[in-house]
Amino acid sequence: MQDDQKTREQLLAELEAARRRIEELQASLDGRPAAGGERRDGGDWVGQVIGNAPIAIAVFDAEMRFLYANKRWLSDYRLGERDLVGLSHYEVIPEIPERWKAIHQRVLAGSIERSLEDRFDRADGTTDWLRWHLLPWRLPSGQIGGVAMFTVDITAQKLALL
């Protein structure tokens with residue numbers, strides 16, 4: 001099946017695999033055994049933490065389709081309560097500049113990219129200032145599965161300095 005024909009269920013399965021891999025990596029960093037998919041408290045604490053993080057977090061597949069976007073992402077990018085899973089990042093936010101698309105391609109090739117201050121001119125005429133960090137995430141096979149994106153809206157701080 002071609003990547004562009006993946007179903008919502010397949011995309012959700014990829015996201016869950018990525019979440020499990022993140023948990024395994026964190027467990028190894030903590031020096032404790034991995035939870036094996038079950039959390040000690042029986043709850044989805046990883047989802048709760050990421051979902052309510054004070055920074056915008058989104059995870060994309062190799063075609064830059066959303067696998068996940070937390071509440072802060074939806075808020076910072078003024079997307080309402082939309083379910084973005086399976087939608088193209090470039091269709092959801094069509095004003096993404098070509099230079100950022102090139103960065104996404106470098107990350108999909110294995111690069112880690114970041115910026116402490118980057119201007120983002122929005123379609124509605126406003127300008128956002130962002131701090132961002134992008135890294136590839138990997139499938140259990142080791143192949144790059146997509147991009148994890150972390151952004152912070154620093155517009156208020158930037159404007160305070162003007």
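**Exercise 1. The hairpins**

Task: In this predicted model, find how many residues lie between β3 and β4 in their hairpin, and which residue in the turn has a positive phi.

Solution. Start with the turn itself: β3 and β4 form a hairpin with five residues between them, and G125 in that turn has a positive phi of about 95 degrees. Next, follow the two strands away from the turn, where β3 and β4 pair in the antiparallel sense over seven bridges. One place to check this pairing is F120, whose bridge partner in β4 is D128.

Then repeat the steps for the next hairpin along the chain, that of β4 and β5, which has five residues between the strands and in which G142 takes a positive phi near 95 degrees. Here β4 and β5 pair over nine bridges, in the antiparallel sense, and W132 has T151 in β5 as its bridge partner.

**Exercise 2. The order of the elements**

Task: State how many helices and how many strands the chain has, and in what order the elements run.

Solution. The count comes to six helices and five strands. Reading from the N terminus on, the order is α-α-β-β-α-α-α-β-β-β-α. Two figures for the whole chain complete this overview: 40% of the 162 residues count as buried, and, among contacts with a separation of 6 or more, 43% join residues that are 24 or more positions apart.

**Exercise 3. The largest nonpolar core**

Task: Determine which residues of the largest nonpolar core touch the most other members, and which elements give two or more residues to it.

Solution. The largest nonpolar core holds 24 residues, and those that touch the most other members are F60, W73, Y77 and V147. Two or more residues come from each of β1 (56–61), α3 (71–76), α5 (98–108), β4 (127–138) and β5 (144–153). Of these, α5 gives the most, with four residues. Such a grouping can be set beside a general tendency: in soluble globular proteins, nonpolar side chains tend to be buried together.

To see one member in its surroundings, take V147 and leave out residues up to four places away in sequence; the residues that V147 touches then include A58, F60, M64, H104, V107, L134 and W137. Apart from the largest core lies another one, of six residues, among them L15, A18, V59 and Y68.

**Exercise 4. The buried side of α5**

Task: List which residues of α5 are buried, and explain why they can be said to lie on the same side of the helix.

Solution. The buried residues of α5 are W100, I103, H104, V107 and L108. Because these residues cover an arc of only 140 degrees around the axis, they lie on the same side of α5. The elements against which they pack are β1, α4, β3 (113–121), β4 and β5. After α5 comes G110, with a positive phi near 115 degrees.

**Exercise 5. Rings and charges**

Task: Work out which residues form one aromatic cluster, and where charged ends sit over rings.

Solution. A search of the whole structure finds five aromatic pairs. One of them joins F60 and W73 edge-to-face, at 6.1 Å centre to centre and with 70 degrees between the planes. This pair links distant parts of the chain, since F60 belongs to strand β1 and W73 to helix α3, 13 residues apart. Both F60 and W73 are buried. F66 and W73 also form an edge-to-face pair, with 6.2 Å between the centres and 75 degrees between the planes. F66 counts as buried because its relative accessibility is 0%. Together, F60, F66, W73 and Y77 form one aromatic cluster.

For the charges, look at K101, which lies over the face of Y90 at 5.0 Å from the ring centre, and at K158, whose charged end sits over the ring of W129, 4.5 Å from its centre.

**Exercise 6. Two loop residues with positive phi**

Task: For M64 and R78, decide whether each is buried or partly exposed.

Solution. M64 is placed in the loop between β1 and β2 (66–69), and its phi is near 60 degrees, a positive value in a residue other than glycine. M64 has 1% relative accessibility, under the limit of 20%, and therefore counts as buried. R78, in the loop between α3 and α4 (89–92), likewise is a residue other than glycine with a positive phi, near 55 degrees. With 44% relative accessibility, which falls between 20% and 50%, R78 therefore counts as partly exposed.

Technical notes: Residues numbered from 1 in each chain as written. Predicted model: local features only at pLDDT ≥ 70, side-chain atom pairs only at ≥ 80, totals over all residues. Heavy atoms only, no water. Core = buried A, V, L, I, M, F, W, Y, C linked by side-chain atoms within 4.5 Å. Buried < 20%, exposed > 50% of the residue type's maximum accessible area, 1.4 Å probe, protein only. Contact = heavy atoms within 4.5 Å. Arc of directions from axis to C-beta. Phe/Tyr/Trp six-rings, centres within 6.5 Å; stacked < 30°, edge-to-face > 60°. Lys NZ or Arg CZ within 6 Å of the ring centre and 35° of its normal. Pairing = 2+ DSSP bridges.
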